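Dear colleague,

Please find below the structure I agreed to pass on to you. My notes on what was found in it follow directly after.

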Amino acid sequence: MTFSFKRLALLAAMPMFLLSTQATAQSDADPDREVLYWYDPMYPQQKFDEPGPSPFMDMDLVPRYADPGSDGASISIDPSVTQNLGMRLATAQQETIRHTVNAVGTLEYNQRTVAQVQARSSGFVERVYDLAPEDVIARGAPLVDLFMPEWATAQEEYLALRDIDEPQLLAAARQRLRLAGMPAELIRQLEQSGRASTVWTITSPIAGALQELEVREGMTVQAGATLARINGLDTVWLEVAVPEAQVADLQVGQRVSAALPAYPGKPLQGSIAAILPTANIDSRTVRIRVELPNPDQRLRPGMTAEVSLAGDEQTALMVPTEAVIRTGRRNVVMVAEGEGRFRPVEVRIGRETGEKTQILEGLEPGEQVVASGQFLLDSEASLRGLGAPAMADEAAATPALHEAEGTVIGIEDDMLGLTHGPFKTLGMPGMTMPFPVANMQLLEGIEVGDRVRVGVRESDEGLTIERIEKLTSSDSGNHDGHGGHQP
């Protein structure tokens with residue numbers, strides 16, 4: 001494969017480890033060691049019987065030696081190559097971590113502090129006070145005046161019996177007042193004043209926001225009809241949607257910190273009051289409920305909040321996140337065994353905290369893993385067939401699409417020259433190299449100098465671009481996985 005547009009531009013930006021590898025390859029092979037085959041480190045699946053220039057990159061093929069000391073489960077890398085790679089090791093060690101879930105929540109009314117005001121008996125609306133839904137009212141604020149004709153006869157009977165020394169008859173008359181729907185306070189007023197009243201001023205039993213006022217002057221209301229609905233504001237609910245995969249780490253009583261955009265620099269503290277039983281099938285989230293005090297009524301339902309839910313501290317085995325090679329089917333780390341020997345180990349990972357990842361299985365405390373340059377070691381391990389069962393499963397599946405951002409340095413036919421950042425899912429660092437493009441339509445509108453995000457698919461032939469997205473300055477670094485050119 002010839003990539004003719006300006007080899008110099010590619011070589012000038014090529015990482016030093018490739019140039020060093022090329023210089024090594026140009027020297028004669030070690031006559032004391034058996035050469036199994038020759039290969040290009042960027043395309044290790046392709047083997048060659050003779051030395052010579054690579055058909056893929058601007059470099060010479062390098063030898064693969066037979067290693068008599070190999071145990072079949074590890075690989076050896078020449079110390080000079082590992083030095084040129086800038087390979088960095090990290091130690092797997094036990095650390096104390098606190099799992100924190102960050103989510104977005106919304107303030108809502110506390111549905112436990114709701115007052116439903118109803119008519120106790122049939123009557124007529126004589127007056128509706130100057131109120132409207134969403135008005136904030138005090139406890140005892142008047143709502144409506146009702147005329148109650150049924151109360152007149154019962155009150156007159158009670159007053160007629162009050163001056164007769166018949167306690168039983170008077171008690172029966174008082175009971176009829178209660179059965180007619182008269183509130184206890186109106187009965188006390190009747191006993192004290194001795195004057196009958198057929199107009200009842202209905203007041204709010206709690207302070208809060210008036211949600212409904214379903215009456216108008218002149219209306220007839222029946223016993224039990226709803227006149228108004230009031231929501232209390234002394235406390236509010238903060239409802240938070242948490243990804244269902246993280247719900248297992250939450251429990252009632254767990255601390256919660258909420259930051260409201262309306263009140264910057266004044267975070268609110270609370271605790272989880274309930275984890276609701278139903279998951280949202282569309283967003284795959286579970287709602288949790290936090291009850292917050294609202295004495296000065298600054299918290300208004302409908303406001304949003306950035307919520308941080310801090311879990312309990314625990315001890316976990318941690319390695320740098322960059323040390324984990326993710327293939328989509330398995331997770332691998334390269335364990336350093338000393339004297340230039342490395343062994344690929346499949347691991348089961350847990351949480352990511354900061355720039356570190358928890359290892360649940362596969363490593364022991366104190367083992368050293370490769371934290372940079374491990375993508376070439378993984379290529380060597382794949383080449384030698386290490387971890388064959390897992391890799392056979394991967395081969396049966398559709399290869400994953402790996403993404404990185406970069407700058408276009410040249411376009412020729414179906415080839416795109418790119419100075420790119422790291423392909424994190426491949427464990428591949430940033431460099432400058434040419435890529436074949438799966439479909440020429442992907443190059444429409446792409447010009448030299450453009451900042452782009454590319455999606456490449458890995459195969460036996462190497463990496464092929466299958467998606468290109470032109471970036472603006474505001475897009476760069478904010479990958480959302482959508483958009484772009486696709487055939």
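Strand S15 (residues 235-243) and strand S18 (residues 285-293) run antiparallel and are joined by nine bridges. Please bear in mind throughout that this is a predicted model. Within that pairing, Val-236 stands opposite Leu-292 in S18. S15 also pairs with strand S6 (residues 93-109), again in the antiparallel sense, over five bridges. There Val-236 in S15 has Tyr-109 opposite it.

Strand S6 also contains Thr-100. With a relative accessible area of 33%, Thr-100 is partly exposed. Its C-alpha lies 5.5 Å from that of Leu-309, although the two are 209 residues apart in sequence. Leaving aside residues up to four places away in sequence, Thr-100 touches Ser-308, Leu-309 and Ala-310.

A second antiparallel pairing of interest involves strand S7 (residues 114-118) and strand S14 (residues 226-232), with five bridges between them. Val-117 has Ala-228 in S14 as its bridge partner. The side chains along S7 alternate: Ala-115 and Val-117 point to one face and are buried, whereas Val-114, Gln-116 and Gln-118 point to the other face and are not buried.

There is also an open sheet of four strands, in the order S11-S10-S8-S13, with antiparallel pairing. Its edge strands are S11 and strand S13 (220-221), each of which pairs on one side only. Strand S8 (residues 123-128) and strand S10 (residues 142-147) pair over four bridges. In this pairing, Val-125 has Leu-146 in S10 as its bridge partner.

Turning to the helices, H5 (residues 167-179) comprises 13 residues and reaches 18 Å from its first C-alpha to its last, close to the 18 Å expected at 1.5 Å a residue. Leu-170, Ala-173 and Leu-177 are buried in H5. Seen down the helix axis, the buried residues of H5 fall within an arc of 60 degrees, so they line one face of the helix. The general background is that an α-helix has 3.6 residues a turn, so residues three or four places apart point the same way. On the other side of H5, Gln-168 and Leu-179 are exposed. The buried residues of H5 pack against helix H4 (150-162) and helix H6 (184-193). Just after H5, Gly-181 takes a positive phi of about 100 degrees.

In H6, the buried residues are Leu-186, Ile-187 and Leu-190. Viewed down the axis of H6, these buried residues fall within an arc of 105 degrees, so they too line one face of their helix. H4, H5 and strand S11 (199-203) are among the elements that cover them. Gly-194 follows H6 and has a positive phi, near 75 degrees.

Which residues touch the most other members of the largest nonpolar core? They are Leu-146, Leu-227 and Ile-230, in a core of 32 residues. At least two residues of this core are supplied by each of S7, S10, H4, H5, H6, S11, strand S12 (208-213) and S14. H4 provides the largest share, five residues. Leu-227 has contacts that include Val-117, Val-144, Leu-146, Ile-202, Leu-213, Val-215 and Val-221, not counting residues up to four places away in sequence. Apart from this core lies another, of 24 residues, among them Val-101, Ala-258, Tyr-263 and Val-307. As a general point, nonpolar side chains tend to be buried together in soluble globular proteins.

One further residue may be of interest. Is His-420 buried or exposed? His-420, which is found in strand S26 (residues 415-420), counts as buried at 5% relative accessibility. The cut-off behind this statement is a relative accessible area under 20%. Not counting residues up to four places away in sequence, His-420 touches Glu-405, Gly-406, Met-428, Pro-429, Gly-430, Met-431, Met-433 and Phe-435.

With kind regards

Key:
Residues are numbered from 1 along each chain as its sequence is written. This is a predicted model: local features need pLDDT of at least 70, side-chain atom pairs count only at pLDDT 80 or more; totals for chains, interfaces and linings use all residues. Side-chain values use heavy atoms; hydrogens and water are left out. Buried means under 20% relative accessible area, exposed over 50%, partly exposed in between (1.4 Å probe, protein chains only). Two strands pair if DSSP finds at least two bridges between them. The expected span of a helix is 1.5 Å times one less than its number of residues. The arc is that of the directions from the helix axis to the C-beta atoms. Contact means heavy atoms within 4.5 Å. A nonpolar core is a set of buried Ala, Val, Leu, Ile, Met, Phe, Trp, Tyr and Cys residues joined through side-chain atoms within 4.5 Å.
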